[in-house]
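This report describes the overall form of one protein chain and then turns to selected residues, backbone features and charge pairs.

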Amino acid sequence: MGTVEPQVVTASDVQEHLSMTTDAQPQVTDGFHLVIDALKLNGIDTIFGLPGIPITDLTRKAQASGLRVISFRHEQNAGNAAAIAGFMTQKPGICLTVSAPGFLNGLSALANATTNCFPMILMSGSSEREIVDLQQGDYEEMDQLAIAKPLAKAAFRVLHAEDIGVGIARAIRAAVSGRPGGVYLDLPAKLFAQTMDAEAGRKSLIKVIDPAPRQSPARDAVQRAVELLKGAKRPLIVLGKGAAYAQADADIRTLVERTGIPYLPMSMAKGLLPDTHEQSAAAARSYVLPEADVVMLVGARLNWLLSHGKGKTWGGKDHKAWGGQKFIQIDISPQEADSNVRIDAPLVGDIGSCVSALLAAIDSTADSAAGRSWAKPPAEWTGAIAERKNKNLAKMAETLAKNPVPMNFHSALAVVRDIIKANPDAILVNEGANALDFTRSIVDMHKPRKRLDVGTWGIMGIGMGFAVAAAVVSRQPVIAIEGDSAFGFSGMEVETLCRYDLPVCVVIFNNNGVYGGTDVNPTGAPDVAPTVFVKGARYDKLMEAFGGVGVHVTNPAELRKAMEQAIRSRKPTLINAVIDETAGTESGRITRLNPTSGKKK
Ligand code: ADP
Ligand code: TPW
């Protein structure tokens with residue numbers, strides 16, 4: 001008899017191995033199985049990634065063990081999928097990549113997740129420590145841990161199989177507790193083949209208890225916020241994507257409705273309350289920001305998207321001046337307060353706990369006023385908002401009703417607005433410049449967490465990664481409204497949409513270039529201008545190449561028909577919607593951020 005090879009066994013493939021092991025043989029497990037079992041133990045059911053050395057077998061074994069493995073054509077898209085899955089589910093999305101180049105491709109998604117407070121874990125295979133540290137030129141050599149650190153909320157490396165349980169537990173906790181973010185987990189190739197006793201391996205795994213513990217705000221902090229609100233004459237609530245992430249939808253709605261305070265949803269908070277809600281001040285944004293006297297931020301940072309809480313947008317006399325508002329800020333991160341302007345009432349805790357504490361305090365205030373309910377904001381304020389809002393909505397309705405030839409953003413988006421209204425559970429993914437800004441302002445969202453977009457960085461390339469994850473996680477139809485430039489960053493994933501037969505309808509607003517297609521090369525040389533693409537490109541054929549449905553449309557009626565058909569059929573569909581190449585502006589609504597904005601070109 002030769003030597004007895006130890007058998008590799010895990011809880012998940014006991015059946016398979018029972019037939020192979022005898023009583024005499026020690027049962028062992030290995031790095032591959034410990035990673036898989038640790039993920040499963042923590043309720044992770046999907047991995048987004050791209051195989052190759054040293055993680056190909058990990059993807060195979062993960063699939064064999066019942067995990068869903070969604071393979072992409074580029075790691076950035078897998079990373080974006082993981083990040084948005086994290087946002088949608090409050091569980092860290094997992095992205096698995098190979099070493100150096102694959103890791104780097106995934107890294108931009110990790111950095112974007114950290115920036116947006118999305119919980120994700122980038123797990124990358126890496127080459128041998130001994131060779132990396134001596135810089136001896138290993139296959140795909142790179143000190144990945146060091147590179148990931150500044151871009152991640154936390155970064156860990158596991159060198160020994162017995163530490164896999166701890167490594168994954170730490171990564172999960174770091175991703176979802178406190179302010180969520182991106183976590184890097186470095187898994188050197190040698191780790192996967194390491195073996196250990198199966199029982200000891202099982203015991204080494206950690207099921208993370210209460211990974212995102214609730215954090216209640218201090219009583220006096222709640223009282224301070226309520227006092228400010230009570231004294232406000234022109235209060236405003238700003239809901240950010242932190243509020244959407246928190247999944248405290250019912251309490252947030254109750255808070256808004258009980259106080260009667262007008263609210264503004266940030267882009268990904270649209271639908272937290274239906275955009276058609278009478279208290280929505282979205283259509284009067286430029287009126288409410290400078291006029292409000294007390295602003296309560298709920299999971300929204302005072303970053304560039306809110307003009308840093310100061311300057312002309314807020315009624316200040318120049319771009320640095322304070323507009324005079326007082327701020328209440330609800331956020332899980334204590335460091336967020338005072339990041340740009342003074343926060344008069346910081347409320348630190350998770351949004352669910354903070355909002356319910358506020359509601360309780362508001363109710364008791366109302367009770368103590370001898371049966372009087374909480375005083376709603378003065379009618380002067382709400383009336384003035386309603387007046388502006390109705391005027392703007394009427395003006396917009398007029399524009400949307402037009403049917404210009406060629407089709408423009410407005411006439412196309414009037415169709416998208418109707419389709420989303422008829423399918424409120426559909427998820428809207430959105431990127432581009434004009435394609436982004438017009439969609440955000442025209443297309444009403446009716447339910448929470450249905451709008452996924454370019455987020456804090458205004459990054460292009462999230463489109464197909466987000467669309468794949470949204471379809472996989474929610475099983476609802478997904479509609480991706482894409483600028484033609486934006487689409488190009490992740491366009492190859494249409495094959496992924498077809499491979500997994502996902503109910504995704506991609507609509508490309510094709511205006512022949514970045515922002516538009518009208519720039520000319522002033523030198524007269526044959527190269528076109530840097531913003532210009534091939535004119536009249538047929539993106540629909542790209543989808544057809546992989547067996548999906550491609551449709552070419554040039555007017556709203558055709559667009560409507562194609563979108564309705566896509567939703568009905570649940571087939572991967574790409575609609576090439578030809579848009580007037582002169583419509584829109586450079587950089588959409590943020591033209592002012594261009595360094596030469598305002599100067600003659
Ligand atoms: P938006 O872009 O929509 O304005 P931001 O991404 O700027 O939103 O802000 C989101 C904020 O929400 C972050 O400051 C983050 O710390 C906070 N946040 C995220 N999740 C929670 C939570 N569960 N409870 C409280 N705050 C949260
Ligand atoms: C990763 C800069 C902002 S918007 C945009 C680019 C290239 C594309 C705009 O053209 P598009 O939309 O998509 O056709 P539209 O509707 O105006 O015609 N690289 C990254 N992120 C960003 N934001 C850019 C470049 C950019």
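Buried denotes a relative accessible area under 20%, exposed one over 50%, and partly exposed a value in between (1.4 Å probe, protein chains only). This is a predicted model, in which local features need pLDDT of at least 70 and side-chain atom pairs count only at pLDDT 80 or more, while totals for chains, interfaces and linings use all residues. Residues are numbered from 1 along each chain as its sequence is written, chains are lettered from A and ligands numbered from 1 in the order in which they are written, and side-chain values use heavy atoms, with hydrogens and water left out.

**Overall form**

The chain contains 23 helices and 20 strands; these are DSSP runs numbered from the N terminus, with helices (H or I) of at least four residues and strands (E) of at least two. Its radius of gyration is 26 Å, which agrees with the value near 25 Å for a compact globule of 601 residues. That radius is taken over C-alpha atoms, and the globule rule is 2.2 Å times the number of residues to the power 0.38. Along the principal axes, the C-alpha atoms fill a box of roughly 90 × 70 × 45 Å.

Of the 601 residues, 55% count as buried. Contact means heavy atoms within 4.5 Å; among contacts with a separation of 6 or more, 74% come from residues 24 or more positions apart. The chain exposes about 25500 Å², of which carbon and sulfur atoms supply 54%; accessible areas come from the Shrake-Rupley method with a 1.4 Å probe, and for residues only the protein chains shown count as cover.

**Backbone features**

Most residues other than glycine have a negative phi, and most peptide bonds are trans. A cis peptide bond joins Ile53 to Pro54, with omega about 5°; Pro54 lies in the loop between β3 (46-49) and α3 (56-64). The bond from Val405 to Pro406 is also cis, with omega near -5°, and Pro406 belongs to the loop between α16 (379-401) and α17 (409-422).

Asp338 has a positive phi, near 65°, and is found in the loop between β13 (326-331) and β14 (345-348). Its relative accessibility of 49% makes Asp338 partly exposed. Phi of Tyr515 is likewise positive, near 70°. Tyr515 is located in the loop between β18 (504-510) and α22 (540-544) and, at 30% relative accessible area, is partly exposed.

Tyr515 also takes part in the surroundings of Ser587, a residue in the segment after β20 (573-578). The C-alpha atoms of Ser587 and Tyr515 are separated by 6.3 Å, although the two residues are 72 residues apart along the chain. Ser587 counts as buried because its relative accessibility is 8%. Leaving aside residues up to four places away in sequence, Ser587 touches Ala433, Asp437, Tyr515 and Asn594.

**Charged residues**

Lys and Arg count as positive and Asp and Glu as negative, whereas His and the chain ends are not counted. A salt bridge is a side-chain nitrogen of Lys or Arg within 4 Å of a carboxyl oxygen of Asp or Glu; by this rule the count comes to 25. Three of these pairs are tabulated below.

| Salt bridge | N to O distance |
|---|---|
| Glu336–Arg179 | 2.8 Å |
| Asp425–Lys447 | 2.8 Å |
| Asp437–Arg440 | 2.9 Å |

Glu336 is buried at 9% relative accessibility, whereas Arg179 is partly exposed at 25%. In the second pair, Asp425 is partly exposed at 30%, and Lys447 is partly exposed at 32%.

Asp437, one of the residues touched by Ser587, is buried with a relative accessible area of 7%. Its partner Arg440 is partly exposed at 22%. Asp437 and Arg440 are three residues apart in helix α18 and are therefore separated by about one helical turn. Elsewhere, salt bridges that share partners join Arg73, Glu495 and Arg499 into one network.

Which side chain of opposite charge is nearest to Glu128? It is that of Lys190, 4.3 Å away, and Glu128 is buried yet has no salt bridge. Glu128 lies in the loop between β6 (120-126) and α6 (129-133). Not counting residues up to four places away in sequence, Glu128 touches Asp138, Ala189 and Lys190.
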